[in-house]
Amino acid sequence: VVAWDLRSGAIMSNQIYSELYTCTALKLHPTTDHFVAQSHANYIALFSTASPRYAMNKRKRYEGGHSSAGYPVTCAFSPDGDVVASGSSDGAICYYDYQTARV
């Protein structure tokens, strides 16, 4: 994942996320300066858009409740941002607490 300015086309960051598996979705948090990246590695990574810009939170990620198994699953936030939802390859929807990352 690389961030760039859509108006000018200028690159705003170096590669901020490098994973052996593909990233199937990016979602902005509705009330904070964060976004998440859904990975085919069966987890969702959390990033900051504040300083330091585009830093991945290496201590918090959303995992253990869903599986991608090669399917293009996606994620979303609840309107208040308290819940991170993810699809799963088994057809289930998994809900994570945004603050604790628990299922």
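**Exercise 1.** Which residue in β6 does phenylalanine 77 stand opposite? Place the pair in its sheet.

*Solution.* The model is predicted: local features need pLDDT of at least 70, side-chain atom pairs count only at pLDDT 80 or more, and totals for chains, interfaces and linings use all residues. Residues are numbered from 1 along each chain as its sequence is written, and side-chain values use heavy atoms, with hydrogens and water left out.

Step 1. Phenylalanine 77 stands opposite valine 84 in β6.

Step 2. Strands here are DSSP runs of E with at least two residues, numbered from the N terminus. Two of them pair if DSSP finds at least two bridges between them. β5 and β6 (residues 83-87) run antiparallel and are joined by three bridges.

Step 3. The open sheet has three strands in the order β5-β6-β7, with antiparallel pairing. β5 (75-77) and β7 (93-97) are its edge strands, each pairing on one side only.

**Exercise 2.** Find which residues make up the largest nonpolar core.

*Solution.* Step 1. A nonpolar core is a set of buried Ala, Val, Leu, Ile, Met, Phe, Trp, Tyr and Cys residues joined through side-chain atoms within 4.5 Å. Buried means under 20% relative accessible area, exposed over 50%, and partly exposed in between (1.4 Å probe, protein chains only).

Step 2. The largest such core has twelve residues: Ala25, Val36, Ile44, Leu46, Tyr62, Cys75, Phe77, Val84, Cys94, Tyr96, Tyr98 and Ala101. At least two residues of this core come from each of β3, β5 and β7.

Step 3. Another core, of nine residues, lies apart from it and includes Ile16, Tyr17, Ala37 and Tyr43.

**Exercise 3.** Alanine 101 and asparagine 42 are to be compared by position and burial.

*Solution.* Step 1. Alanine 101 is not a glycine, yet has a positive phi of about 65°. Alanine 101 lies in the segment after β7 and is buried, at 14% relative accessible area.

Step 2. Asparagine 42, also not a glycine, has a positive phi of about 70°. Asparagine 42 sits in the loop between β2 (34-39) and β3 (43-48) and is partly exposed, at 30% relative accessibility.

**Exercise 4.** Why is there no bond between the sulfur of cysteine 23 and the closest cysteine sulfur?

*Solution.* Step 1. A disulfide is counted when two cysteine sulfur atoms lie within 2.5 Å.

Step 2. The cysteine sulfur closest to that of cysteine 23 is in cysteine 75, 8.0 Å away, so it is too far for a bond.

Step 3. A search of the whole structure finds zero disulfides.

Step 4. Cysteine 23 is partly exposed, at 29% relative accessibility, while cysteine 75 is buried, at 2%.

Methods. Helices (H or I, at least four residues) and strands (E, at least two) are DSSP runs, numbered from the N terminus.
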